[in-house]
Amino acid sequence: AQLRKGDVILVEGDQRVSQVIKYLTTSSWSHSALYIGDELRRRDPQLAAELDARFGPEAKHLILEADNPGVVCAPLAKYMRYNIRVCRPRLRRADVDRVLD
């Protein structure tokens, strides 16, 4: 309920590669994602149907992240059981819109 489009989600992963990333970067966080909410659904009705079929009600709360095989969208619920931190960049609305574009 508190997330806004453009928020950065930091994730403390629990896989072995996550431990390596945290060690090498001396950080508590091993992964990041960008919260986009329903932006993909809103912009493309055909894609909205595909996202609804794939993610169900969670398609209204999407993130973008780098994953295999590249940058993908996933439901925010993917990280429900992980320790996360939400970072809100200080951007004007026009800048957030450019990022989402």
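**Close-up 1. Tyr 82 and its aromatic partner, Tyr 79.** In this predicted model, Tyr 82 has a relative accessibility of 19%, so it just makes it under the 20% cut-off and counts as buried. Tyr 79 is buried too, with a relative accessible area of 10%. Tyr 79 and Tyr 82 pair up edge-to-face, with 5.5 Å from centre to centre and 70° between the planes. That's the one aromatic pair the structure holds.

**Close-up 2. The largest nonpolar core.** Nine residues make up this core: Leu 34, Ile 36, Leu 51, Phe 55, Ala 59, Leu 62, Cys 73, Val 96 and Leu 100. Which elements give two or more residues to it? They are strand β2 (31-37) and the helices α3 (45-55) and α4 (93-100). Zoom in on Phe 55 and, leaving aside residues up to four places away in sequence, you'll find it touching Leu 62, Cys 73, Ala 74 and Pro 75. A grouping like this fits a broader habit: nonpolar side chains in soluble globular proteins tend to be buried together.

**Close-up 3. Another core, apart from the largest one.** Eight residues make up this core, which lies apart from the largest one. Ile 9, Val 11 and Tyr 35 are among them, and so is Tyr 82, the residue that pairs with Tyr 79 in the first view.

**Close-up 4. The largest pocket.** There's about 240 Å³ of space in here. The lining takes in 14 residues, and those closest to the pocket centre are Gly 13, Gln 15, Ser 18, His 31 and Tyr 79. Helix α1 and strand β3 (62-67) are the elements that give two or more residues to the lining. Of these, α1 gives the most, with three residues.

**Close-up 5. Thr 25 in helix α1.** Thr 25 belongs to α1, which covers residues 16-25. Is Thr 25 buried, partly exposed or exposed? Its relative accessibility is 45%, so it counts as partly exposed. A polar atom of the Thr 25 side chain sits 2.7 Å from the backbone oxygen of Ile 21.

**Zooming back out. The whole chain.** Four helices and five strands run along the sequence in the pattern β-α-β-α-α-β-β-β-α. The C-alpha trace spans about 40 × 35 × 25 Å along its principal axes. The protein has 101 residues, and 32% of them count as buried. Take the contacts between residues at least 6 apart in sequence: 55% of these join residues at least 24 apart.

Note on methods: Residues are numbered from 1 along each chain as its sequence is written. This is a predicted model: local features need pLDDT of at least 70, side-chain atom pairs count only at pLDDT 80 or more; totals for chains, interfaces and linings use all residues. Side-chain values use heavy atoms; hydrogens and water are left out. Rings of Phe, Tyr and Trp (its six-membered ring) pair if their centres lie within 6.5 Å; planes under 30 degrees apart count as stacked, over 60 as edge-to-face and the rest as tilted. Buried means under 20% relative accessible area, exposed over 50%, partly exposed in between (1.4 Å probe, protein chains only). A nonpolar core is a set of buried Ala, Val, Leu, Ile, Met, Phe, Trp, Tyr and Cys residues joined through side-chain atoms within 4.5 Å. Contact means heavy atoms within 4.5 Å. A polar contact is a pair of N or O atoms within 3.5 Å; within protein, one must be able to donate a hydrogen and the other to accept it, and residues adjacent in sequence count only if both atoms are side-chain atoms. On a 1 Å grid over the protein atoms alone, a cavity is a set of points where a 1.4 Å probe fits but cannot get out, and a pocket is an open set with protein on both sides within 12 Å along at least five of seven lines; lining residues have an atom within 4 Å of a point. Grid points are joined across faces, edges and corners, and a volume is the space filled by probe spheres set on the points.
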